[in-house]
Amino acid sequence: MTDPLFDLSDRVAVVTGGMGQLGRVYAAGLAERGMRVASFDVASGETPGGVRAYEADITDRSAIERALGEIEADWGTPHVLVNNAGLDSPPDAPVEEVGSFEDFPEAAFDAVMDVNVKGTLLCCQVIGGAMARAGRGSIVNIGSVYGLLSPVQDLYAFRREAGETFVKPVAYSVSKSAILNLTRYLATYWAKAGVRVNTLTLAGVANDQPAEFLEAYTARVPMGRMLDADEALGALVFLASDASSYITGSNVVVDGGWSAW
Ligand SMILES: NC(=O)c1ccc[n+]([C@@H]2O[C@H](COP(=O)([O-])OP(=O)(O)OC[C@H]3O[C@@H](n4cnc5c(N)ncnc54)[C@H](O)[C@@H]3O)[C@@H](O)[C@H]2O)c1
């Protein structure tokens, strides 16, 4: 029996970045709970049952509008939007992107801001706007502890000790802190239109990171381990469903206690 508080069946969700590590978990998890799920991604691939893939670049407003048009024709106006697509500097990022703050390239800053901030904004404008016209909806913007607090540069000391120049870059942190106030702005803007907007802030997800990083990172986490991707789903279902009907403009932090000390 499904608890009516958390019941999402027959509702429609859009998950951006639905082909990525966490996006796949969200899309599959929402579909398993009876939702019809549209994944928006620039990458393609297989999707689980109940998930339909749209090759939509979230920095392109017309692509979002086209995909939404198809979804509305087939399934109706989405009830849930998960703004999950995001760029971070990969471990093998070019050397100039992981060098000093003073020399961080403008183009790299623009690329991260374009997807993480402008892409989220455009999805909120187009899909959130449709939700507001329908008079209901829940938007979950995915944040990071690195948008709440500064990255701990000491976690990357092992790379510097191995002879590399490595500074965790600034752009990702700036982009994820922008998400917190985009959330608050829209929560108040749409409060009376029935659209709730919240941030879901996550700490680092386990993903075969190098042993030295794992050791340094988990020593910093009160719970002593990284987040398992599946553990982000519970908070997402809560924020997506009527269980959180009076929660808007908030930030749910799933970080194993990272921000508690
Ligand atoms: N993995 C972590 O440790 C972690 C921690 C905190 C927060 N997050 C956040 O969770 C979200 C997902 O992270 P992930 O680890 O699954 O990343 P990921 O790189 O595995 O997935 C991101 C997805 O977004 C897609 N994407 C990128 N640019 C796009 C665009 N312009 N339009 C549409 N899709 C685009 C990518 O193709 C990819 O499939 C991100 O917002 C990330 O910042 C991740």
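Which strand holds V253? Select V253 in this predicted model: the residue sits in β7, the strand of residues 251-254. Its relative accessibility is 32%, so V253 counts as partly exposed, a class that runs from 20% to 50%. Now add G143 to the selection. V253 and G143 are separated by 110 residues in sequence, yet their C-alpha atoms are 8.8 Å apart in space.

**Stop 1: the ligand and its shell**

Select the ligand and display the residues around it. There are 25 of them, and those that come nearest are L22, D41, N84, Y172 and K176. Colour this shell by class: 14 residues are nonpolar, eight are polar and three are charged.

Next, colour by secondary structure. Three elements each give the shell at least two residues: helix α1 (21-32), strand β5 (137-144) and helix α6 (170-189). Which of the elements supplies the largest share of the shell? That is β5, with three residues.

Turn on a surface for the protein alone. The largest pocket is the space that the ligand takes up.

**Stop 2: backbone atoms facing the ligand**

Hide the side chains and keep the backbone of G20, Q21 and V205. At G20, a backbone N or O atom is 3.2 Å from an oxygen atom of the ligand. At Q21, a polar backbone atom lies 2.9 Å from a ligand oxygen. At V205, the distance from a backbone N or O atom to an oxygen atom of the ligand is 2.8 Å. Taken on its own, the ligand has 830 Å² of accessible area, and the protein covers 81% of that area.

**Stop 3: T59 and D57**

Move to T59, in the loop that runs between β3 (51-55) and α2 (61-74). Is T59 buried or exposed? T59 counts as buried because its relative accessibility is 19%, and the cut-off for that class is under 20%. Show the side chain of D57 as well: the side chains of T59 and D57 are joined by a polar contact of 2.8 Å.

**Stop 4: two aspartates with positive phi**

Select D10, which is found in the segment before β1 (12-16). The phi angle of D10 is near 70 degrees, a positive value in a residue that is not glycine. D10 has 58% relative accessibility and therefore counts as exposed, a class that needs over 50%.

Then go to D208, in the loop between β6 (195-202) and α7 (211-220). What is the phi of D208? The angle is positive, about 55 degrees, although D208 is not a glycine. With a relative accessibility of 79%, D208 also counts as exposed.

Keep the segment before β1 in view and select S9, which lies in that segment. S9 is partly exposed, because its relative accessibility is 32%. Draw a distance from S9 to K168: the C-alpha atoms are 41 Å apart, and 159 residues separate the pair along the chain.

**Stop 5: the loop before β7**

The last selection is the loop between α8 (233-240) and β7, where G249 is located. D242 has its place in the loop between α8 and β7 as well.

How exposed is D242? At 38% relative accessibility, D242 is partly exposed. A C-alpha distance of 10.0 Å separates D242 from G137, with their positions 105 residues apart along the chain.

G249 has a relative accessible area of 24%, so this glycine is partly exposed too. For G249, draw the C-alpha distance to A111: 27 Å, for a pair 138 residues apart in the chain.

From this loop, step forward into β7 to return to V253, where the tour began.

Notes: Residues are numbered from 1 along each chain as its sequence is written. This is a predicted model: local features need pLDDT of at least 70, side-chain atom pairs count only at pLDDT 80 or more; totals for chains, interfaces and linings use all residues. Side-chain values use heavy atoms; hydrogens and water are left out. A residue is near a molecule or strand if one of its heavy atoms lies within 4 Å of it. A polar contact is a pair of N or O atoms within 3.5 Å; within protein, one must be able to donate a hydrogen and the other to accept it, and residues adjacent in sequence count only if both atoms are side-chain atoms. Accessible areas come from the Shrake-Rupley method with a 1.4 Å probe; for residues, only the protein chains shown count as cover. On a 1 Å grid over the protein atoms alone, a cavity is a set of points where a 1.4 Å probe fits but cannot get out, and a pocket is an open set with protein on both sides within 12 Å along at least five of seven lines; lining residues have an atom within 4 Å of a point. A molecule sits in a cavity or pocket if more than half of its atoms lie within 2 Å of its grid points. Helices (H or I, at least four residues) and strands (E, at least two) are DSSP runs, numbered from the N terminus. Ala, Val, Leu, Ile, Met, Phe, Trp, Tyr, Cys and Pro count as nonpolar, Asp, Glu, Lys and Arg as charged, and the others, Gly among them, as polar. Buried means under 20% relative accessible area, exposed over 50%, partly exposed in between (1.4 Å probe, protein chains only).
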